[in-house]
Amino acid sequence: MIQAAFVLLYLAGALYIGIFAFGKSRGDSAEDFFLAGRSIGSFVFVLSLFGTHMTAFSILGASGYAFANGVVTYGLMASSSALIVPITLYFLGTRLWSLGKRHGFMTHVQMFRDRWECGHTGTLIFVVQAALLVPYIIIGVIGGGTTLEVLSGGAVPYWAGGALVAVVVMSYVFFGGMRGTAWVNTFQTVLFLVFGLIAAGVIGEGMGGFAAVMERLAGSPSTAPLLTHERVAPLYYISYMFIPLSAIAFPHIGIFCFTARRAKQFKYTMIFYPLCILAVWVPSVYLGVAANGATDVPEIQRKIEARTELAQAGPDMAPETRQALTVQARGDDVIVLLLNRYAALWLAGILGAGILAAVMASDSQILALSTMFTEDVFAYYGGKKRFGERAQVMIGRAFVIVLTGVAYVIALGVPASIFGLAIQYAFTGYAALAPLLIGALYWRGSTKWGALASTTWVAFAVTGIAVFQHTVAAPAGAPIVVWSFAGLDVLARTAGGTAMLGFLPVVPVTIISTVLLIVVSVLTPKPSQATIERYFPSRRLD
C-alpha cells in the first residue's frame, strides 16, 4: 500500500488544483466555465494540449501493444503522430481559433451549423461525435483501475481504483471547468514526461541495463521478432498513417483550440509536440518490449504463457477458454508490474503517480462532451434563452456527473485492450470525420448534404465494425476471412480487430467518407453567398 499511498497523495493534489481553479472562475459565465474565458497562456496551452491527447492509450496502451508486437509499435503511432498532429493543429487549429474568436464558437458543431446553414445535421454530427468519444473516456477509467490494482498488489481492486479515479476526475472538472482541467493537465503532463524517462532508466538498470536486455531478447527465437516489424503486416503499418488525422477532429482537441489567448501559441506545438511524443513513447515502447525478458516477474510470465497458448490453439478451443487466455495475455499493466519488481517502494509509488497522471487525461473528453451537450443541444434548442446562462452551467456540471457514471459502469464490463479499443473505434471514427472539418474550413464548395452523407457513413461503418467483431470471435492465430472477392480478402477478423483489404478499417472508412463529402457536395445546393463570403472573402483588385 506504500505505492498506493503516493498515488492517493497525487490524486488529492489534482483535486486541490481543480478546486483552486474554481475560486478563480468568473461567476456563472458559460464561456469561462467551458473555455476558461479564452485566456489560456502559452505554457499551459502547449502542455495541456499534449496531455489531453496522450492519455492511457499512450502509456499503458502503447506498452501493452509493444509487449505483444515489439518495437514496431513506435513506428505505428509515434512517428506518424509527431509529424501529422502538429501540422493539423497549426493549419486547422489556428483557423478554428480565429473563427471561434470572431463568431463566438465554442464547439465544432456550432461552426458546422453556421458554415453550412444546417440545424438537425449539426445535431446528428453531435450524436456521432459523442458516441465515438465515449470509448476514449472508458479508457481512462480502465487505466485508472488497472494502475491502482497492480500498484497496491490487489489491495485496491480494479472496480475501486476505477471508481476513485472517476470521482476525482469528475470532481475537478465539475468545479474547475476548463481552467481546472487545463491546470491539472499541465501538472499531469510534467509528471509523466519526467517520470516516464526516470521509470525507463530505473527499470532498465534493474533488469541489467539496456544493452543486456536487448541482447537477451535478440538471442531468443521467441522474442527476437519483437525487435523487428515481423508481427505487423505492411498494409497494417501503412494504415496507422491515417490514425493521427483523428487528433484535430476530436472534440476535446478542437474545443481546446478555442481556449488559446493568441494565435501564435499554435507555433509552439510545431516545436514541442514531437519532442514530447519522443519523451513519452520511447520509454513506453521500450518497457513494453523489455517486459518480455522479465523472467523473475511471475505475473508477466503467466501473460507470456497465455499468449503462447493462444498462438498454438486450434479452431476447436472453447470460446470461454479463448476469452480467458486473451484477458490473461493482455499487457496493459506490464509497466506497473515492472515498477513493483525493479523500483524501490517509495520510487514505485512516485512513478506510479506519474503513470496515473497520463491515465487521468480523460478529464478533457468529459468536459468536451459536457460543452457539446450544453451548447449544441441545450442552448441550440432554446434552453439557454429560456432558463439563462446560469442554468446552462448547472446542466453542464450535471452532465459531467452522469457521463462519468456511465463510463465507469461500461468500463467494468469492457474486455478489450486499451490500444485495441482506441484504434478500432475512437481513432477510426474521428479520422473519418476529419474531412468534414477540412472541408468546412478550406473548401468553399462543401455543403450540409455532403456533411450529412459523410457523417451517416461514419456512424454506419463504426457500428458495423462493432457488430462484426461482436459476432465473429477473434482468432488466436491467422485471420478468419469472412468475405473474399476476385482473389482479394475483402473482410477478415483478426486477433486485434478487423482487416479490410488488408488495411485497418480506418483507411477505407476515411477514404469513403472523403469521397462522399466531395461527390454529394458537388451535386447539392451550396450555402448562401453571404455565408460563403464570411468564411472565404473574395479578393477584389481595385
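Buried means under 20% relative accessible area. The model treated in these exercises is predicted.

**Exercise 1. Aromatic pairs**

Task: Determine how many aromatic pairs the whole structure holds, and describe the geometry of the pair Phe45 and Phe266.

Solution. A search of the whole structure yields 17 aromatic pairs. One of them joins Phe33 and Phe34, with ring centres 4.9 Å apart and planes at 85°, an edge-to-face arrangement. Phe33 and Phe34 are both buried. Another pair consists of Phe45 and Phe266: the centres lie 5.1 Å apart and the planes meet at 70°. Because planes over 60 degrees apart count as edge-to-face, the pair of Phe45 and Phe266 falls into that class. Next, the position in the chain is considered. Phe45 belongs to helix α3 and Phe266 to helix α13 (residues 265-290), so the pair links parts of the chain 221 residues apart. Finally, both Phe45 and Phe266 are buried. Aromatic residues also group beyond single pairs: Tyr16, Phe20 and Trp183 make up one aromatic cluster.

**Exercise 2. Charges over rings**

Task: Identify the rings over which the charged ends of Arg95 and Arg397 sit.

Solution. For Arg95, the ring is that of Tyr442, and the charged end is 5.7 Å from the ring centre. For Arg397, the ring is that of Phe174, with a distance of 5.6 Å to the centre.

**Exercise 3. The nonpolar cores**

Task: State how many residues the largest nonpolar core has, and which helix gives the most to this core.

Solution. The largest nonpolar core has 163 residues. Within this core, the residues with the most contacts are Phe50, Met111, Trp281, Ile300 and Leu338. Helix α8 (residues 158-206) is the main contributor, giving 16 residues. A second core, separate from the largest, has five residues, including Ala306, Leu310, Met317 and Ala329. The surroundings of Ile300 can then be listed: not counting residues up to four places away in sequence, Ile300 touches Phe67, Ala291, Ala294, Val334, Leu337 and Leu338.

**Exercise 4. The length of helix α7**

Task: Establish what span helix α7 (residues 120-151) should have at 1.5 Å a residue, and how far apart its end C-alpha atoms are.

Solution. Helix α7 has 32 residues. The expected span is 1.5 Å times one less than the number of residues, which gives 46 Å for α7. The end C-alpha atoms of α7 are 47 Å apart, in agreement with that expectation. As to its surroundings, α7 is mostly covered, with 26 of its 32 residues buried. After α7 comes Gly153, whose phi is positive, near 65°.

**Exercise 5. Polar residues in helices**

Task: Decide whether His53, Ser364, Thr531 and Ser98 are buried or partly exposed, and give what lies around the first three.

Solution. His53 is located in helix α3 (residues 42-53). Its relative accessible area is 7%, and therefore His53 is buried. Apart from residues up to four places away in sequence, His53 touches Val85, Tyr136, Ala247, Ile253 and Tyr273. From C-alpha to C-alpha, His53 and Gly140 are 12 Å apart in space, while 87 residues separate them in sequence.

Ser364 has its place in helix α18 (residues 363-379). With a relative accessible area of 7%, Ser364 is buried. Neighbours within four places in sequence aside, Ser364 is in contact with Thr52, Thr181, Asn185 and His252.

Thr531 lies in helix α24 (residues 529-535). Thr531 is buried, since its relative accessible area is 7%. Not counting residues up to four places away in sequence, Thr531 touches Asp114, Arg115 and Glu117.

Ser98 belongs to helix α5 (residues 72-103). Ser98 counts as partly exposed because its relative accessibility is 26%. Ser98 and Arg262 are 164 residues apart in sequence and 9.3 Å apart in space, C-alpha to C-alpha.

**Exercise 6. Cysteines**

Task: State how many disulfides the structure holds, and explain why Cys257 is too far from the closest cysteine sulfur for a bond.

Solution. The structure holds zero disulfides. A disulfide needs two cysteine sulfur atoms within 2.5 Å. The closest cysteine sulfur to that of Cys257 is in Cys276, 16 Å away, and therefore too far for a bond. Cys257 is buried, with a relative accessible area of 0%. Cys118 is buried as well, at 6%.

Terms used: Residues numbered from 1 in each chain as written. Predicted model: local features only at pLDDT ≥ 70, side-chain atom pairs only at ≥ 80, totals over all residues. Heavy atoms only, no water. Core = buried A, V, L, I, M, F, W, Y, C linked by side-chain atoms within 4.5 Å. Buried < 20%, exposed > 50% of the residue type's maximum accessible area, 1.4 Å probe, protein only. Helix = DSSP H or I, 4+ residues; strand = E, 2+ residues; numbered from the N terminus. Contact = heavy atoms within 4.5 Å. Phe/Tyr/Trp six-rings, centres within 6.5 Å; stacked < 30°, edge-to-face > 60°. Lys NZ or Arg CZ within 6 Å of the ring centre and 35° of its normal.
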